[in-house]
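Work through the exercises below with the model open. Each task is followed by a solution in steps.

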Amino acid sequence: MPEIPENKLPDQENSYQENTGVQPPQYEFRLPEKQPSSPDPVESRLRMKRYARIRLKLIMTIIVVVIIGIGMAAASYIYADSTNRYSRAGSRWYDSGKSIQITQVLNRLESYTDNMDVNSLTAQIESGSYGLSDYLLRVFTSPAYLSSQADDTKFISDSYFAISGEQIGTEGMKEAELLLQSSGSRLVWLDHLCEQEGIPDRLSLEAEPTGLRSMTMVSDLPEYNDRIIGLLPISAEIKMAGTNARVKLFSDGHLQQNHSYELLGLQSADSNSTEVGNNIVTVYWDTRYENSGGHKLDYLVQTSDGRGTWISLDSFIVPEINSLDIGMISALEIPAGLPDSEEYDQSREAWYLINSPDNLAMLMLYQADADLNLELYNVMGEKKAVNTSREGIHAALRYQGDDLDLLPLSLRAQSLPDSQAGISDATSYYVRVFRTTEKNELPVHYSLVQAETVAVTVQAPYRYAAVMAIEDDQLLIPDDTGTSRWQPADNYQLLAADSSLGMLHLKGRANIEIDYAPEFSSDHKLYGLYAGADTTSYEMDTWTIEGSASNLEIDLLYEDGTSQKLTGQDTLEIKPSINTLRISVTGFKGDTNVYELKILRTPDSEGYHQILETFPLSYRTPLWAVHLQQPTWQFDVNNTNIDWVEFMTAQDRDDKNLVDANYSPYHWVEENSPVYDGASWKAAAIGVIEYFADPRHALNTVDIFQFESLRYEPEVHTLAGIEAMLENTFMASGNEFGIDYAALIHEAGQAADISPFFIAAKIIQEMGPQGQSLLAHGELPDYEGIYNFYNIGSTPNPEVENGALINGARFASLGKDPSTEELDDEEKRWLIPWNTPERAITGGAIWIADRYVAIGQDTLYGQKFDLIADPDLFLRQYAQNIQMAWAEGRRTYRAYDNLELLSEPFVFKIPVFMNMPPEVPEWP
């Protein structure tokens, strides 16, 4: 380093003393003292000759120098004229007389930076388009160099070596440190170094450069390798002298955010300030621009004094993000886990990005084959809504955003990558779907849609449609192109979402699941449960379809007026008599639904436990639930004294019970069964028989009508009710045959003392809704004009075409024994021959009453299975169709419902068998 004259650094004494509090070091430079001498003549002459020769050489040298100078000046003028700058060629000498080659300097600088093209930079510097001092500044204020966190001593040493190719000496280091201390800026030293080494271009220096006084990271950052989506704010409290600084964020060494400290709207802190909040600087890691996988973050504050504070942050993971289109149903999957995989594991979760109009997020998840959790995050990575989807149960995510969910103003103008084009910065949300358990051996399948809810198409029960809006009896449903149109609500069955309970689980002792009745449905509001005297508590688990977007209030009310406040996962303390669990759900839209479970712990104050206890335990809960909904109905136990196994053995015999193979699932048909009737009636599989024969499957407000007493009740069995049952059938009012079937059936019921509703349902069951049977119209070949509306006597005969119909026609025309020509009194009572619709309908009704109702087979169930031992069991089973009692009972219910007669005091005779299985069979 060259000597610094005048004993000190120019104009720096005061500033150095102010900053350090000590007198700056003093430097003295002295010439040697002269010694006295005596003159010598010879020496004087020789000296004169030498001087003459020297003068001659000097003159010649001056002439040569002048000539060379003129040439160089001319060349310099021409070069300067072409480049408007001075030359910086690597082989040239600078004005200082120091020899520095550009390429050599650049090669030394290369060790302090990244991605340096020495040849290209040499060409730029030689051409004058770029200065060597400019690049020197660029290198030693670059993030690559500042990340090394070199102190001032290391910086001086590195920069001196880069320019000179030599190591700085001790005295030179002292002088350089003095310069940095007095100026406060590394740039002053770089500029001074360029000057003394003869680099002609100079740096632009600030009179008062910005320096960092203190910096503290104040962000509560996630844990190492946490998942990050959207924007991650990273904040620091920064105090500076001045405002000329940059705050930068790097991901994997690449610049992500670059903000001017001044433009962030912050003021530099006063040196005496103790207020923390005024100096918080926040930059954002925008993961929308990142590839999925792990990323390392670093934070840099770069000040105009040439210094920088580099902070190495943790590594985080950006998950793979998929886009969801509005209204488009997506069948999705969380893959199975890979054993011992060190890569980013996606087997636990899946992420989706949605664009939400009006800052409103509405999603539905359904058809999941495992329990799943759902979370909704705004673009700032803040969790806004949560929910749980249980296997096979749908769930919703709902959230109405506000201004706090939008991007910061400084980022809203930036666009997303092409792969996410069309997503609005200000209305983006992230959805996370993840497993509730650690097990991930198998993939999880589910459907997800951005819509208000989902509907099932009535005509195609396995086809789902997104529902964007609901207005009265219309649904707004998008087609495959995304165009939404209003559709009639009658064509769809909605999945309940708004203000709806998702499920209610109860567990008793030993963690055993407790069944209440009916089976839970979000659309049903009233439930019942019978509890024995020794039951004191249940564990409850319940949640809403809308999750955190809804409000759940739970109370357990006792008959004594006291109550218990509960949460969704709590213990129910049960007292004797009626305990009412009331669950109030206020949904995202503000509507409220109230669900009630009434638990009867025997004995109850009204004594209803005495009626229930005439039935087996497995009957009591469903009957209690039916009573809660229809308190006027009466239940009578029918103790059959028949063993269940004996009953099933008798029913699983040949053609005793049939199903239509053309309209039934394949597993409903007994393997290798022949056709017993018509074109496709085959033997029912044992599982189908067990289900429809078990009375407990019908203990609900609809199917229980297969146990209704079939006696004629004038106040119930009205003509208007019959007409309602006949709508949309071949017997409807104004039919093409001109017959008043409703009046005929009503008169037949009165004459036979049998329910005309039962008669109507029986005709529809046997003839088909549109009268498909030839016996409904008297059109069977060879038996024209003969009717048999109930298929009485239509025993199968597979060997003859239309064998069953022929047998039915023979019975309708000739009676019990077609071989005789005379009709007995009983056959005359049945109005045989049935050669008119009137005679067939009325006579058949009398035959049913005589053969079934009058002897005790006075329910649909009793007619189907014949539980009367006279002359023997199971002989007079009216129909072979295993679904006969179930189907006709449902028709009867619909008729009563249409007539608003369900509150009438119906009597139900419910059979009980010995040694019944403890569990009710599932639907086959």
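## Exercise 1: a covered helix

The buried residues of helix H9 are covered by parts that include helix H5 (132-140), helix H6 (143-146), helix H7 (152-164) and helix H8 (170-183). The model is a predicted one.

**Task.** Determine how many residues of H9 (residues 186-196) are buried, and name them. Then describe what caps its N-terminal end and what follows the helix.

**Solution.**
1. Apply the cut-off: buried means under 20% relative accessible area.
2. Eight of the eleven residues in H9 pass, and the helix is mostly covered.
3. The buried residues are Arg186, Leu187, Trp189, Leu190, Asp191, Leu193, Cys194 and Gln196.
4. Go to the N-terminal end. Ser185 is the cap there, with a side-chain oxygen 3.0 Å from the backbone nitrogen of Leu187.
5. Go past the other end. Gly198 follows H9 and has a positive phi, near 85 degrees.

## Exercise 2: classifying aromatic pairs

**Task.** Classify the pair Tyr608 and Trp624 from its ring geometry. Do the same for Tyr741 and Phe789. For each pair, state which parts of the chain are tied together.

**Solution.**
1. Rings pair if their centres lie within 6.5 Å; planes under 30 degrees apart are stacked, over 60 edge-to-face, and the rest tilted.
2. This rule gives a count of 47 aromatic pairs.
3. For Tyr608 and Trp624, the ring centres are 5.9 Å apart and the planes lie at 45 degrees, so this pair is tilted.
4. Locate both residues. Tyr608 is in the loop between strand S30 (592-601) and helix H10 (609-612), and Trp624 is in helix H11 (residues 617-629), so the pair links parts 16 residues apart in sequence.
5. Check burial. Tyr608 has a relative accessible area of 11% and is buried. Trp624 is buried too, at 4% relative accessibility.
6. Turn to Tyr741 and Phe789. Their centres are 6.2 Å apart with 70 degrees between the planes, which makes an edge-to-face pair.
7. Tyr741 belongs to helix H15 (residues 741-752), while Phe789 is in the loop between helix H16 (756-767) and helix H17 (803-814), so this pair joins parts 48 residues apart in sequence.
8. Both Tyr741 and Phe789 are buried.

## Exercise 3: a cluster and two charges

**Task.** List the members of the aromatic cluster that includes Trp633. Then find which rings have Lys575 and Lys864 over them.

**Solution.**
1. One cluster is formed by Trp633, Phe635, Phe705, Phe757, Tyr893, Tyr896, Phe906 and Phe908.
2. The charged end of Lys575 lies over the Tyr558 ring, at 4.2 Å from its centre.
3. Lys864 sits over the face of Phe865, 4.8 Å from the ring centre.

## Exercise 4: an open sheet

**Task.** Give the strand order of the open sheet that contains S9, and identify its edges. Which residue stands opposite Glu333?

**Solution.**
1. The four strands run in the order S9-S16-S11-S14, and their pairing is antiparallel.
2. Strand S9 (330-334) and strand S14 (395-400) are the edges, since each pairs on one side only.
3. From one strand to the next, the twist averages 25 degrees.
4. Five antiparallel bridges join S9 to strand S16 (residues 444-449).
5. Glu333 has His445 of S16 opposite.

## Exercise 5: one serine

**Task.** Is Ser260 buried or exposed, and which residues does Ser260 contact?

**Solution.**
1. Ser260 is part of strand S4 (residues 254-260).
2. Its relative accessibility is 13%, so Ser260 is buried.
3. Neighbours within four places in sequence aside, Ser260 contacts Ala245 and Arg246.

Note on methods: Residues are numbered from 1 along each chain as its sequence is written. This is a predicted model: local features need pLDDT of at least 70, side-chain atom pairs count only at pLDDT 80 or more; totals for chains, interfaces and linings use all residues. Side-chain values use heavy atoms; hydrogens and water are left out. Rings of Phe, Tyr and Trp (its six-membered ring) pair if their centres lie within 6.5 Å; planes under 30 degrees apart count as stacked, over 60 as edge-to-face and the rest as tilted. Helices (H or I, at least four residues) and strands (E, at least two) are DSSP runs, numbered from the N terminus. Buried means under 20% relative accessible area, exposed over 50%, partly exposed in between (1.4 Å probe, protein chains only). A charge sits over a ring if NZ of Lys or CZ of Arg is within 6 Å of the ring centre and within 35 degrees of the ring normal. Two strands pair if DSSP finds at least two bridges between them. Axes are lines fitted to C-alpha atoms, for helices over the stretch in contact, and angles run from 0 to 180 degrees between N-to-C directions. Contact means heavy atoms within 4.5 Å. A polar contact is a pair of N or O atoms within 3.5 Å; within protein, one must be able to donate a hydrogen and the other to accept it, and residues adjacent in sequence count only if both atoms are side-chain atoms.
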